Amino acid sequence: MPYDPRMNYDSSRKLTDGDVMDLKPEGWWGDAGKLYRDFAFPNFMAGMRFAMQVAEQAEARGHHPDIHVHYHYVRVNFFTYDAGGVTQQDIDAARAVNELAQGEA
């Protein structure tokens, strides 16, 4: 593999920022090497139910996001720690979370 001057860049796993912007699913953002999205809910319990669905899906996939529950929204962050950034696995998992969210609408 040729030398890459970008620190901690693993071309076989970690996506570039440009790749993340091109591949990210609708509604998702890339910032500081993470992929995230806020999902709005009418109340706290609706957000908690969604967060549990995301957690169950993540457990089944074997790829776990950071989930932050706020009163009227849930933020889901994907980041592959051992790759040092966003990978295709994160993109695929974000698409799956979007499918869950569409089922909530």
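A residue is taken here as buried when its relative accessible area is under 20%, as exposed when that area is over 50%, and as partly exposed in between. The model described is a predicted one. Arginine 75, with a relative accessibility of 29%, therefore counts as partly exposed. By the same criterion, buried residues make up 35% of the 105 residues in the chain. The secondary structure comprises three helices and four strands, and these follow one another along the sequence in the pattern α-β-β-α-β-β-α.

Helix α2 was examined in detail. The helix covers residues 44-61, and its 18 residues should span 26 Å at 1.5 Å a residue; the C-alpha atoms at its ends lie 26 Å apart, in agreement with that expectation. The buried residues of α2 are Ala46, Gly47, Phe50, Ala51, Val54 and Ala58. Viewed down the helix axis, the buried residues of α2 fall within an arc of 135 degrees, so they line one face of the helix. Such an arrangement can be read against the geometry of the α-helix, which has 3.6 residues a turn, so that residues three or four places apart point the same way. On the face of α2 turned away from the buried side are the exposed residues Arg49, Glu56, Glu59 and Ala60.

Both ends of α2 show local features. At the N-terminal end, asparagine 43 acts as a cap, with a side-chain oxygen 3.2 Å from the backbone nitrogen of methionine 45. After the helix comes glycine 62, whose phi is positive, near 75 degrees. Two residues of the N-terminal part of the numbering of α2, Phe44 and Met45, also belong to a nonpolar surface patch together with Val69 and Tyr71. The four residues of this patch together have about 380 Å² of accessible area. Tyrosine 71 is placed in the loop between β3 (66-69) and β4 (73-78), and at 52% relative accessibility it counts as exposed.

The count of salt bridges comes to three. One of them joins the side chains of aspartate 82 and arginine 13, with an N to O distance of 3.4 Å. This pair links distant parts of the chain, since aspartate 82 lies in the loop between β4 and α3 (88-104) and arginine 13 in the segment before α1 (17-23), 69 residues apart. Aspartate 82 is exposed, with a relative accessible area of 65%, whereas arginine 13 is partly exposed, with a relative accessible area of 32%.

Another salt bridge is formed by aspartate 38 and arginine 75, whose closest N and O atoms are 2.6 Å apart. Here too, distant parts of the chain are linked: aspartate 38 belongs to strand β2 (residues 34-40) and arginine 75 to strand β4, with their positions 37 residues apart in the numbering. The C-alpha atoms of arginine 75 and aspartate 38 are 4.3 Å apart in space. Aspartate 38 is partly exposed, with a relative accessible area of 35%, and arginine 75 is likewise partly exposed, at 29%.

A further salt bridge lies within helix α3 and pairs aspartate 92 with arginine 95. The closest N and O atoms of aspartate 92 and arginine 95 are 3.6 Å apart. Because these two residues are three residues apart in α3, they are separated by about one helical turn. Aspartate 92 counts as partly exposed at 31% relative accessibility, as does arginine 95 at 36%.

Helix α3 also contributes buried positions. Asparagine 98 lies in this helix and is buried, with a relative accessible area of 10%. A polar atom of the asparagine 98 side chain lies 2.9 Å from the backbone oxygen of glutamate 26. Alanine 101, also in helix α3, has a relative accessible area of 18%; as this value is under 20%, the residue is buried. The C-alpha atom of alanine 101 is separated by 7.9 Å from that of phenylalanine 39, although the two residues are 62 residues apart along the chain.

How values were computed
Residues are numbered from 1 along each chain as its sequence is written. This is a predicted model: local features need pLDDT of at least 70, side-chain atom pairs count only at pLDDT 80 or more; totals for chains, interfaces and linings use all residues. Side-chain values use heavy atoms; hydrogens and water are left out. The expected span of a helix is 1.5 Å times one less than its number of residues. Buried means under 20% relative accessible area, exposed over 50%, partly exposed in between (1.4 Å probe, protein chains only). The arc is that of the directions from the helix axis to the C-beta atoms. A polar contact is a pair of N or O atoms within 3.5 Å; within protein, one must be able to donate a hydrogen and the other to accept it, and residues adjacent in sequence count only if both atoms are side-chain atoms. Patches are made of residues with over 30% relative accessible area and no salt bridge: like charges are joined within 9 Å, nonpolar side chains (Val, Leu, Ile, Met, Phe, Trp, Tyr) within 5 Å. Accessible areas come from the Shrake-Rupley method with a 1.4 Å probe; for residues, only the protein chains shown count as cover.
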